[in-house]
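Here's a quick tour of the fold, meant to be read with the model open beside it. Let's go from the sheet to the helices, then the ligand and the domains.

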Amino acid sequence: MTQSSNDVPALHPLLRERWSPRAFQDRPVEPEKIESILEAARWAPSAMNEQPWRFLIGVWATHPAAYDRLFQILLPGNQLWAGQAPVLMLSVAKMRNSKDQPNPHAFHDVGQAVAHLTVQAMALGLHVHQMAGFDAAKARESLSIPEGYDPVAAIAVGYQGDPNSLPENLRERELAARVRRPLSEIVFDGQWGEAAEAAEPGS
Ligand SMILES: Cc1cc2nc3c(=O)[nH]c(=O)nc-3n(C[C@H](O)[C@H](O)[C@H](O)COP(=O)(O)O)c2cc1C
């Protein structure tokens, strides 16, 4: 596991500077920015253009009841910080395609749509923090998610806040270095386990 993305000059600044904060400012997100990040998700590629993504959204400033429903599905560890974010969402995958066959790429495509949403958010000065830590059964029930659709990830969106606003244990994690596996561990040259030239430093 190596280095911070801040040390990777080859990355586009929107990717280099992306990270998942827990501290958010007490500042609403402008409606046009919310629409913009949702458009970014909408225009993501997907297998057979099935667009299996769906989103439930709660905007604290304008729809506090919807926000609270989303907040209530989060696991306690995420509730410690996510209530600072002015916008909460839940991504949902449509698990069968338009021919009513299983869509094995549904989660992939939902994740990709959220990646697009995240980069668009960065371009607008926002940050995004995704969460697997939510209660899927509770989400299905309290948000009326129908059969054939599976909850994927909760998502907090807002303007990055001051780490000092967090409880101490979270503040430490907020300030910890971000690390990643080296390319040599995750990229192979056609055959599993064979070092890839493209993954060697300086190649
Ligand atoms: C699908 C998914 C689920 C995640 N679940 C949680 C979570 O429940 N709680 C949390 O604090 N962070 C969660 N994260 C954030 C990751 O911990 C974070 O992305 C990872 O540590 C890399 O850090 P970075 O996003 O700041 O680069 C999740 C991220 C993803 C993509």
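A quick term before we start: two residues count as being in contact if their C-beta atoms, placed from the backbone, lie within 7 Å. Keep in mind that this is a predicted model. Its open sheet has four strands, helices α3 and α5 pack against strands of it, and a ligand has its own shell of residues.

**The sheet**
- Reading across the open sheet, the strand order is β1-β2-β4-β3, with antiparallel pairing.
- The edge positions go to β1 (53-59) and β3 (127-131); each has a single partner strand, so one side of each is left without a neighbour in the sheet.
- On average, neighbouring strands are turned by 25° against each other, direction ignored.
- Strands β2 (residues 87-94) and β4 (residues 149-158) run antiparallel and are joined by eight bridges.
- If you want a spot to zoom in on, Met-89 has Ile-155 in β4 as its bridge partner.

**Helices on the sheet**
- Helix α3 (residues 64-73) lies across β1, β2 and β4, and runs at about 110° to β1.
- Helix α5 (residues 106-123) also packs on the sheet, where it touches β1, β2, β3 and β4.
- The direction of α5 makes about 150° with that of β2.

**Helix against helix**
- Helix α2 (residues 31-42) meets α5 too: their axes come within 7 Å and cross at roughly 145°.
- That crossing of α2 and α5 is right-handed.
- On the α2 side, the contact uses Ser-36, Ile-37, Ala-40 and Ala-41.
- On the α5 side, Ala-113, Val-114, His-116, Leu-117, Gln-120 and Ala-121 take part.
- By class, this contact has seven nonpolar, three polar and no charged residues.

**Around the ligand**
- The residues around the ligand are Trp-19, Ser-20, Asn-78, Gln-130, Met-131, Ala-132, Gly-133, Ala-153 and Arg-178.
- Sorted by class, that shell has four nonpolar, four polar and one charged residues.

**Domains**
- The domain assignment gives domain 1 as 1-14 + 178-203, and domain 2 as 20-170.
- Between the C-alpha centres of domain 1 and domain 2 there are 28 Å.

How values were computed
Residues numbered from 1 in each chain as written. Predicted model: local features only at pLDDT ≥ 70, side-chain atom pairs only at ≥ 80, totals over all residues. Pairing = 2+ DSSP bridges. Helix = DSSP H or I, 4+ residues; strand = E, 2+ residues; numbered from the N terminus. Axes fitted to C-alpha atoms, helices over the stretch in contact; angles between N-to-C directions. Near = placed C-beta within 6 Å. Nonpolar A, V, L, I, M, F, W, Y, C, P; charged D, E, K, R; others polar. Domains from an automatic or database assignment. Left-handed = near helix turned anticlockwise from the far one by under 90°.
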